[in-house]
Amino acid sequence: MPLLTDLTAAVAAGKRTDTVRLTQELLAAGTGPQAIVEQGLVPGMAIVGDQFKRNEIFVPEMLVAARAMKEALKLLEPMLASAGIKPKYTAIIGTVQGDLHDIGKNLISMMWRGANFAVIDLGTNVPPEKYLAAAQEHKAHLVGLSALLTTTMPAMKETVRALKAAGLPNTRIMIGGAPITQAFATDIGADGYAADAGTAVDVAKQLVASLA
Amino acid sequence: MTGCERVNRMFARQDQDRIPRQDTFWPETITRWQREGLQWDHHDALRLLEADFAGLCWSWPPVFPGQRELLREDAETETVRDAWGGIVRTWKGRSGTPEHVGFGCDSRAIWEKTYRPAMLAAPNQVDVQMAAVRYADARKLGQWTHLSGVEGFEALRKILGDETCLMAMVDDPEWIRDVVAVHTEVVLRSWQSVLDQGVKPDGLWIYGDMAFNHATMCSPAMYRELVWPFHKQMADWAHERGMKVIYHTDGRVSGVLDLYIQAGFDCLQPIEAKAGMDIRQFAPTHGDRLAMIGNIDVMKMATNDLGLIEEEIRTKFAAGMATRGYAYHSDHSVPPQVSWDTYKAIIGMVERYGYY
């Protein structure tokens, strides 16, 4: 019988065939889908995030690891759904109004999914009211705002203002993107800032932990 | 001293009267400045700056020249299938990075059956007559002239999309090498067509954003294996023709500076401050082998705080000028938060601190 640590290693190495095979074998041996996700797949993506932060791996390796996990989740999600098991935390993510850039947002949502967040991706050019509506509808624990351009930073400020004004006590706001800094995040009242996709998982976990 | 002499002396690390100058502006910045006193367009701002560089042509070879199929539109954006076979959503009447909705080439089979032969067979898209006219005009003005175009990494992202190309770097590196090789061959052919008109540019200005604010998109080893040989091919082609090479990339590229030097790049631009790049760090370590253009932080410009901006310019000019291999440019494009009065003050600071 394979070990969950074998699955973790396969995900971290981006080996999708091995990841799927090990998932099937673990299921056949009686390991539950939730344990496979939480003790096999998620730790693999955590390794990826840590290696990415330290520049030991780069975006290509991160993408193939996320793809491996996604393939395994295709097997597991129907079982999780039928058992009524959902991720503990829900995140909304999007690129702010006026900005059509998407790769940064896509990497963050990939890593958040890898950390077992349910992620609702609103796409690009998202107006403040759409973030707000989605946060309310999905009872989001986290709202992530992305911006690539200096010219769209004001839209980020406006979105944070709208979300704060709505008074969502169980929602934290996190921002990121090429021109964004911690100073800007503090200035506009965002709850968190991450400089890269690896750090984004750490910050997200800290923010949702603060809700408890 | 003419701009051409000045830039050539920058490359030779010889004394100049002042540092060379160039800049780039977002279209919205020019619109704002026109309301605040700029008479015409970005050329007026560059004239006031006394910019020294002149581009002659732009080469980003499309796979399907002329293709632009409107798929849908709304009040703000339109979505089209473009000349690279991709589906992109762009703003109407506004600048900004487009959203890549989809890509036509998402497998090696499609590349080999359709895209590769189409790229190689596509007619040259560079306007060689216009390049010759611009060359003659720039020579009269004494400017440093360059051919411009896109290198292989940027071409990969345009043709395959980020996710496909970056994952294929792991899954199928030979495919990636082939795409970059074909693109490089077509770009060099297009530049050669300009030279064949009797134009003798001073250099190449190659564009390829291969990094973001954290690091390069791929590892230095992967860059060295898959893209670097074709960077070197471009640099060798230029050097064989007596031209210098400026490489443009945004993002944090501190991990590959030595590879750039080994590829034969003579200069790096724009050295993005908000990605953690700082010539006060890199000029002492690499400035003797790699000239540097830019690094003046647009985020500081955007504050319109003249004291903050002056400190930025004074200290970075001092670091760059110590190598004799430095030219002024913002670290990306001047954003519309910068007032025209502020930019005129910036030109004054460039004048004050930029003389040797």
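Tutor: Two residues are in contact if their C-beta atoms, placed from the backbone, lie within 7 Å. The model discussed here is predicted. By that cut-off, 17 residues of domain 1 of chain B are in contact with ten residues of domain 2 of chain B.

Student: Where do domain 1 and domain 2 of chain B run?

Tutor: The domain assignment gives domain 1 as 3-63 + 105-353 and domain 2 as 64-104. Their C-alpha centres lie 24 Å apart.

Student: Which helices supply at least two residues of the side of domain 1 of chain B that touches domain 2 of chain B?

Tutor: In chain B, helix H2 (27-35), helix H4 (108-121) and helix H6 (152-160) each do so. H6(B) gives the largest share, three residues. By class, this side of domain 1 of chain B has eleven nonpolar, three polar and three charged residues.

Student: Why are H3(A) and H9(A) called oblique to each other?

Tutor: Helix H3 (residues 33-53) and helix H9 (residues 197-209) of chain A pack at an angle of about 125°, with their axes 7 Å apart. Angles of 65 to 115 degrees count as roughly perpendicular and those over 145 as roughly antiparallel. The angle of about 125° falls in neither class, and H3(A) and H9(A) are therefore oblique.

Student: What is the hand of the crossing of H3(A) and H9(A)?

Tutor: The crossing of H3(A) and H9(A) is left-handed. On H3(A) the contact is made by A:Gly49, A:Asp50, A:Phe52 and A:Lys53, and on H9(A) by A:Ala197, A:Gly198, A:Thr199 and A:Val201.

Student: What makes three of the residues in the contact of H3(A) with H9(A) polar?

Tutor: The contact divides into three nonpolar, three polar and two charged residues. Gly counts as polar under the scheme used, and A:Gly49 and A:Gly198 are among the residues of the contact. Asp and Lys count as charged, which places A:Asp50 and A:Lys53 in that class.

Student: How many residues of chain B are in contact with chain A?

Tutor: 31 residues of chain B are in contact with 23 residues of chain A. The elements of chain B that give two or more residues to this side are strand S5 (99-102), helix H7 (162-171) and helix H13 (298-301). The largest share, six residues, comes from H7(B). By class, the side of chain B that touches chain A has 16 nonpolar, nine polar and six charged residues.

Student: What confidence does the predictor give the complex?

Tutor: The complex has an ipTM of 0.93 and a pTM of 0.92. For chain B, the mean pLDDT is 96, and 100% of its residues reach 70 or more.

Terms used: Residues are numbered from 1 along each chain as its sequence is written. Chains are lettered from A and ligands numbered from 1 in the order in which they are written. This is a predicted model: local features need pLDDT of at least 70, side-chain atom pairs count only at pLDDT 80 or more; totals for chains, interfaces and linings use all residues. Helices (H or I, at least four residues) and strands (E, at least two) are DSSP runs, numbered from the N terminus. Axes are lines fitted to C-alpha atoms, for helices over the stretch in contact, and angles run from 0 to 180 degrees between N-to-C directions. Angles under 35 degrees count as roughly parallel, over 145 as roughly antiparallel, 65 to 115 as roughly perpendicular and the rest as oblique. A crossing is left-handed if the near helix is turned anticlockwise from the far one by less than a right angle, and right-handed if clockwise. pLDDT is the predictor's confidence in each residue, from 0 to 100. Domain bounds come from an automatic or database domain assignment.
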